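This report walks through a two-chain model, from overall dimensions down to single backbone angles. Keep the viewer open while reading.

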Amino acid sequence: MKSAIRFAVDIGGTFVDAIAYDETTGELRLHKAPTTPGSPARGVFDAVGGLADRLDDVEAFVHGTTLGLNAILQRRGADVGIITNEGFRDLLEIARANVPAAHMYDFSYAPPPPLVPRRHRTGVPGRMDAQGAEVTELDEDAVREAGRLLVEERGLRSLAICFLHSYANPAHERRAARILRAAYPDVSVSTSTDITREYREYERTSTVTLDAYIRPVLNDYIGALEGGLADAGLTRPLHIMRSGGGAMTAELARRAPLMTVLSGPAGGVVGASFLAREQHLPKLISFDVGGTSVDCCVIEDGEPGEVHEAAIDGFPLLIPIFDIRTVGAGGGSIAWIDEGLLKVGPHSAGAVPGPVAYGAGGTEPTVTDAALVLGYLDPAAFLDGEMAIDAGAARAAIEAELAVPLGVTVTQAAASVFQVLLARTVGALREITVERALDPREFALLAYGGAGPLLGPMLAREMGIATTLIPRVPAAFSAFGMLMSDLEYEFATTVLRPLSDATLAAVEPAFAELEQQGEEVLSTQGIKPEDRKLIRRLDVRYHGQEHSLGIDLAPGDTAATVLSRFNAQHEARYGHAMPDAGQILTLRVRAVGKLAKPGLRELPATGPGRARPAGSRPAFDVATGEVTPFQVYLRGSLAPGHTLRGPAIVEEGTSTTVIFADQRLTVDGYGQLLVTGGEND
Amino acid sequence: MTEPLDGATVEVIRNYLVSVGEQMRRTLVRAAFNPVIYEVLDFGISIYNADLELTAEAAGITSFLGANDHAIVKGVEYVGRENLRQGDVYLLNYPYWSGAHSYDAMLFAPVFRPGHEGPAAYLAVRAHWMDLGAKAPGYVLDSTDMHQEGLIFPGTKIVSRGEVVRDIVELIRFNSRLPDLTIGDFHAQLASLRTGENRLAQVWEKFGGPTVDQAVRQIIEHGERVARKAVAALPDGTWTAFDYCDDDGITDDLIRMEVKVTIAGERMEVDFNGSDGAVAGPVNLPIGATESLAKAIYKELTTATEPSNAGHYRALDIKADPGNFFHAVYPVATFTQWSGIVAFELMHKALAQVLDSIPASSGGDEPGFMALGHDPRTGADYVISNNEGIGWGASRDHDGANAQQHPSQSVVRNTPIEVLEHKATLFHERLELIPDSGGAGRHRGGLGVLRQVRYLADGEVLSMKKKSKTRPWALHGGQESEPSEMVLWPETERAKRVGMYRAAMRAGDRFVNRTAGGGGYGDPLERDPAAVVADVLDGYVSAEIAEQIYGVIVDETGGWRPTPARAENHEG
């Protein structure tokens, strides 16, 4: 039988996760290798090599990389030159002039220096107006002179071009790019409208600057990756995850590197959306708990929330991404006493020194140390026993740093660390759902990431969430999610016209042009016509309002049908609809190329009829407030149909599921764990 | 009295209560109709305990910190605690009580719970309404008493036992030029209050009402301990400073504002009584507004990263006698409180005499503009505003930020050129940093910006600034910067320099909005020459100023040599 192995590789801060999914048997294997910052492709080869010697038979290969993100965060991108309109060279630096809310009361706040210093920014004559009409011709000699200054005099190898109102008419940007590419064929040239056709000049300038900043880095990396994987026998195209879900070919990723920068958490959301659809969970919250953060996304009817603007380190970028909200607390967060109150975070022990129990010099107790004290984690089985753990040191730190000052027992102090962490997480989930006028208790929770299965059932109890779903290999669920991606690309253009039948007719050529671009991209990526799908969408708002909503267009739609759908969505989202006229802000076309994907495969109900515990250990039960014996099960021994009653612990090396006295756990037909019950059930 | 709770339980409950405020904030922003609420963040949300002590808050911008604290006390006093019923909501915008101008409408609601005598908590949501019938549309720059500033509610029942009082809403409808937006925002505030009531009830149910009350007491005690400790670490003494606000909009006279700050052990006193008395125009500050700006600076010094509660301010005394510029009494005009923005940094100026961590002046105030007119392209009227960045003051450890919103509203964003040119008949000819605009110093003040705009059709411009006649202050031998200004019709015979001003513009007319740089810190001759060279290469500082003020002669290759003044200074 021909095997159909699909690979997905996800690079995190500390580890590279590679998974291999065998579609015919349903077998799912994970291998972790350390991240290799100096030569990032090597970590990928190491992780893949742990699963297969050769890749000749591999059916699909998807990769999520944080390389572009890290280049920005660590300021290790290219030196960039910016060409903009004469009189506007400081748009990047003036930005929106605002201070981040976290620094609201810091009256000597200094923002990080701009990515491009002022001496590397220059303006040229030429101007479009808000309707895209040319007011002043582009001065081509000035463009050549700008090139000479930035490339020959300043020695820059990557240029970014952004002109005012180019979203309405990109002709000047395109002409300037042509001139510069002709003059300097080896220099990378990025234009804002190649990446986004949305208005707001600072955001577009920031977007194209980030693109120019990471393009050379990504180009080298993808080249190294393609070479190494081809050497190992890979014949299928390498696909790279996009920040807004979906994947793209490596070739396109080189042309649009910015689309990869926030792809890390996207895999998990794609996977969660896939499960939501497959398992008919109309309301699902993805709950990804890592070492330093909790990432949540609301998924309704299988569709994750989306936004069209992201930010990295305060720099905005106009690309579509999932609406993922982050709480700055996770396994590595430090617990400390502030004038008698117990605080968890915002500081994290990180990978180095890490929790006290790692014995790497950490002295401040973390959430992980509390989990050891409470018996949730087995020191001997940590990361499959590959990591030595000093539970005694964890206990001593919790005692000295927390229990003594609080005047409580060590167990109470450790349990309190979880209570405070939960209180923060509960608040965050309520806040992201109240924005959409939803109640989190109507949702199911999909818990993944290394610490998700530990925190998920506890959080569900606290909030009255009825069901927590724990997928297979939860620690590598982000990589699994990548296997569920289609090829996707989004094209958008800002139009700003009143919503009317006349406008809908007038924008038809613009929509057709976007669709044409979509068709071209899909066709160059080898997608057959029958597997291509083009979805039209309008961003609509009330005239004079700032915020807009995306409305999918169906054939035969009129201004009236669009407005009525917009009114209904506005009512649901903002609590009211208005009698005002609508305005179209942006046209969007999403081009989807369907890729063959593995389905969820039912696993045989093998082995004994009942789950057999591998042992038991004392742990803290939040349902009873006492330390009691917990039955300990190995995840590998559980099979579909098995049911456990809490208190119980399920271990699988890279993560641990903990349920309490008032909860029960069922293994579903696909081998996933369903936790139900809890105080509000 | 309930037993004291452990520090973990208190922290858990504190997180729940802070989240209630945050959920109220998101509900308001979600449901608000006017961009002044969801873009300019002109709102304040507070939760109080049964004793009207602040439990948690979600402020829109920096200078609205504790904005409702004075108003809730006045409002409950006026209505009478015994008259409050479950489901009632009251409307208060009487400026001398609310601590804000008449268009900032505060709704407050008592929240009851079984087993608790009288209200167990209060919620307050204040937000900027678009129009309540003042003498002119938009902003009022020249009122001379309260009765020219719109309809006033002293604490009027607008929802009775859950039912909206139709008569009051109709009164608003018939008195507002923009009734739909105004009543829409009223409903957004109600939605925010309802979210707060529901979530507060959930918190009480989860932990038990008396336990939550006890936790709140401990949260406030904790806040007090942290703040007192921070004040105790500051040197004791008394320091006085003064500064000027341009004028009151009626006469051209400067307004002198003075503050005396005293630190004695764990307490701080801020006394504004040395300032001028009330003025005729609408720039007088109600005491509640004065308290907010004093609290913001105090917060910076004590608890900058913590959500506020009443305990934080227990060791702060604020003094301004009735009739003073900082304590407006009926019927003085209070509509245009830009004066409060100018006064925002006044405590800094006093404390800078003893604390070297205080930065120099951040340009003075918020030097934005509004544009009004009729757009012949769309046939619609437009009103649009822009908050303009300003140079921040240099500080002990670094240069001031370039073109950043004034600290009093630093989280608000400017309006993109592409949005301004779409919504209004404006055409930008220039928006750039102004070289040499940052006050010179060992650390340089941030740079201001220059925006040159041409009107494509007839319209109006409102220049918004109240610190254009006197210069932003510098520290420790640094240099002052040029103040903000707007120049109307530049480079014509009509050219006119203005501060706060309303002007009619014809198609083809131009204005230049020029914002101040930040004040400098320390002697410019002591500035690191490498920093001066970098400034010259980046065009932040001209070669002439580098030589004349900083004593650094920069050559074309980026090399440098000292002037005799710098060499002498170095040897001395």
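How many helices and strands does chain A have? Chain A has 17 helices and 35 strands. Its radius of gyration is 26 Å, close to the 26 Å that the globule rule gives for 681 residues, so chain A is as compact as a globular protein of that length. The model is predicted, and every value here is computed from it.

**Overall build**

Chain B holds 14 helices and 22 strands. The rule for a compact globule of 572 residues gives a radius of gyration near 25 Å, and chain B agrees with 25 Å. The table sets out the main figures for both chains.

| Chain | Residues | C-alpha box along the principal axes | Buried residues | Contacts at least 24 apart, among those at least 6 apart |
|---|---|---|---|---|
| Chain A | 681 residues | roughly 80 × 60 × 55 Å | 54% | 66% |
| Chain B | 572 residues | roughly 80 × 60 × 40 Å | 59% | 73% |

**Domains**

The domain assignment of chain A lists four entries. Domain 1 is made of two segments, 5–71 and 219–260. Domain 2 covers 76–213. Domain 3 runs over 487–593, and domain 4 over 615–677. Taken over C-alpha atoms, the centres of domain 1 and domain 4 of chain A are separated by 33 Å.

For chain B, the assignment gives domain 1 at 7–216 and domain 2 at 359–522. Their C-alpha centres lie 33 Å apart. How many residues of each domain of chain B are in contact with the other? Eight residues of domain 1 touch 12 residues of domain 2. On the domain 1 side, five of these residues are nonpolar, three are polar and none is charged.

**Where the chains meet**

Now to the contact between the chains. 53 residues of chain A are in contact with 61 residues of chain B. Which elements of chain A supply at least two residues each to this side? They are α3 (91–94), α7 (201–231), β22 (341–348) and α12 (410–434). Helix α12(A) gives the most, with nine residues. By class, the chain A side has 26 nonpolar, 11 polar and 16 charged residues.

**Helix α17 of chain A**

Helix α17 of chain A covers residues 559–574. At 1.5 Å a residue, its 16 residues should span 22 Å; the end C-alpha atoms are 21 Å apart, which agrees.

Which residues of α17(A) are buried? They are A:Val562, A:Leu563, A:Phe566, A:His570 and A:Tyr574. These residues cover an arc of only 95° around the axis, so they sit on the same side of α17(A). The general geometry is simple: an α-helix has 3.6 residues a turn, so residues three or four places apart point the same way.

What do the buried residues of α17(A) pack against? Within chain A, the partners are β26 (532–542), β27 (549–552) and β28 (582–593). Chain B adds α1 (7–31) to the list.

**Backbone details**

Two cis peptide bonds deserve a look. One joins A:Gly345 and A:Pro346, with omega about 0°. A:Pro346 is placed in strand β22 of chain A. That strand, β22 (341–348), is also among the elements that supply at least two residues to the side touching chain B.

The other runs from B:Tyr330 to B:Pro331, with omega near 0°. B:Pro331 is in the loop between β11 (316–319) and α9 (338–343) of chain B.

Next come two positive phi values. A:His280 has phi near 55°, although it is not a glycine. Its place is the loop between α9 (266–278) and β13 (283–289) of chain A. B:Asp436, also not a glycine, has a positive phi of about 65°. B:Asp436 lies in the loop between β14 (426–433) and β15 (449–455) of chain B.

Is A:His280 buried or exposed? A:His280 counts as exposed, because it has 9 C-beta neighbours inside 10 Å and the limit for exposed is 12 or fewer. B:Asp436 has 20 other C-beta atoms within 10 Å. A residue with 20 or more is buried, so B:Asp436 falls in that class.

Note on methods
Residues are numbered from 1 along each chain as its sequence is written. Chains are lettered from A and ligands numbered from 1 in the order in which they are written. This is a predicted model: local features need pLDDT of at least 70, side-chain atom pairs count only at pLDDT 80 or more; totals for chains, interfaces and linings use all residues. Helices (H or I, at least four residues) and strands (E, at least two) are DSSP runs, numbered from the N terminus. The radius of gyration is taken over C-alpha atoms; the globule rule is 2.2 Å times the number of residues to the power 0.38. Two residues are in contact if their C-beta atoms, placed from the backbone, lie within 7 Å. Domain bounds come from an automatic or database domain assignment. Ala, Val, Leu, Ile, Met, Phe, Trp, Tyr, Cys and Pro count as nonpolar, Asp, Glu, Lys and Arg as charged, and the others, Gly among them, as polar. The expected span of a helix is 1.5 Å times one less than its number of residues. The arc is that of the directions from the helix axis to the C-beta atoms.
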